[in-house]
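Biologist: I would like a close look at a single part of this protein. Please pick one residue, describe its surroundings, and then set them against the rest of the chain.

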Amino acid sequence: LDVLFNILVATTCLYLSDRVWTRLGRRTPFILASWITMAVCLAVIPLATSLWALVPLVVLWYAFVDVGATLQSLQMEVVPPA
């Protein structure tokens, strides 16, 4: 499931982050949306009482981990090549 989200979600967000411009910057909205949603999912996952409640939370968490993939491109831009 994570590999599928890497291919579908992360590549789409990385593509969009190069073409979107906001007051906060190009990648910051993606990172903020990712971290906030991941924090909410991680806070709610222990409270899930059934498998039907747990699975969508985990899938949503995995999807937003890959939305935050735009942070990796920021790390690569800051570190100069050898």
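Modeller: The part to look at is Phe5, which is found in helix α1. Please keep in mind throughout that this is a predicted model.

Start with how much of the residue is covered. Phe5 has a relative accessible area of 13%. The cut-off for buried is under 20%, so Phe5 counts as buried.

Next, its partners. Leaving aside neighbours within four places in sequence, Phe5 is in contact with Ala10, Val59, Tyr62, Ala63 and Asp66. One of these, Ala63, is 58 residues away from Phe5 along the sequence, yet the two C-alpha atoms are 6.0 Å apart in space.

Phe5 and Ala63 also belong to the largest nonpolar core, which has six residues. The other members are Val9, Cys13, Phe30 and Val67. Two helices, α1 (2–19) and α3, each supply at least two residues of this core. Helix α1 gives the most, with three residues. As a general background, nonpolar side chains tend to be buried together in soluble globular proteins.

Another partner of Phe5 is charged. Asp66 lies in helix α3, which spans residues 51–67. Asp66 is buried but has no salt bridge. The nearest side chain of opposite charge is that of Arg27, and it is 14 Å away. With neighbours within four places in sequence left aside, Asp66 is in contact with Asp2, Phe5, Asn6, Val9 and Ala10. Two residues in that list, Phe5 and Val9, are members of the core described above.

Now compare Phe5 with another residue of helix α1. Ile7 is in helix α1 too, but at 52% relative accessibility it counts as exposed, because the cut-off for exposed is over 50%. Ile7 is part of a nonpolar patch on the surface, together with Leu1, Val3, Leu4 and Leu8. Together, these residues have about 500 Å² of accessible area. Helix α1 therefore holds both a buried residue, Phe5, and an exposed one, Ile7.

Further along, Tyr15 is found in helix α1 as well. At 48% relative accessibility, Tyr15 counts as partly exposed. Tyr15 and Thr70 are 55 residues apart in sequence, while their C-alpha atoms are 9.3 Å apart in space.

Helix α2 (residues 28–44) offers another buried position, Ser34. The relative accessibility of Ser34 is 1%. Not counting residues up to four places away in sequence, Ser34 touches Phe64, Val65, Val67 and Gly68. Among these, Val67 is a member of the six-residue core that includes Phe5.

Finally, the whole chain. The protein has four helices and zero strands, and the pattern read along the sequence is α-α-α-α. Of its 82 residues, 26% count as buried, and Phe5 is one of the buried residues. Among contacts with a separation of 6 or more, 63% are between residues 24 or more positions apart. The contact of Phe5 with Ala63 spans 58 residues in sequence. The protein exposes about 5,800 Å², and carbon and sulfur atoms supply 74% of that area.

Terms used:
Residues are numbered from 1 along each chain as its sequence is written. This is a predicted model: local features need pLDDT of at least 70, side-chain atom pairs count only at pLDDT 80 or more; totals for chains, interfaces and linings use all residues. Side-chain values use heavy atoms; hydrogens and water are left out. Buried means under 20% relative accessible area, exposed over 50%, partly exposed in between (1.4 Å probe, protein chains only). Lys and Arg count as positive and Asp and Glu as negative; His and the chain ends are not counted. A salt bridge is a side-chain nitrogen of Lys or Arg within 4 Å of a carboxyl oxygen of Asp or Glu. Contact means heavy atoms within 4.5 Å. A nonpolar core is a set of buried Ala, Val, Leu, Ile, Met, Phe, Trp, Tyr and Cys residues joined through side-chain atoms within 4.5 Å. Patches are made of residues with over 30% relative accessible area and no salt bridge: like charges are joined within 9 Å, nonpolar side chains (Val, Leu, Ile, Met, Phe, Trp, Tyr) within 5 Å. Accessible areas come from the Shrake-Rupley method with a 1.4 Å probe; for residues, only the protein chains shown count as cover.
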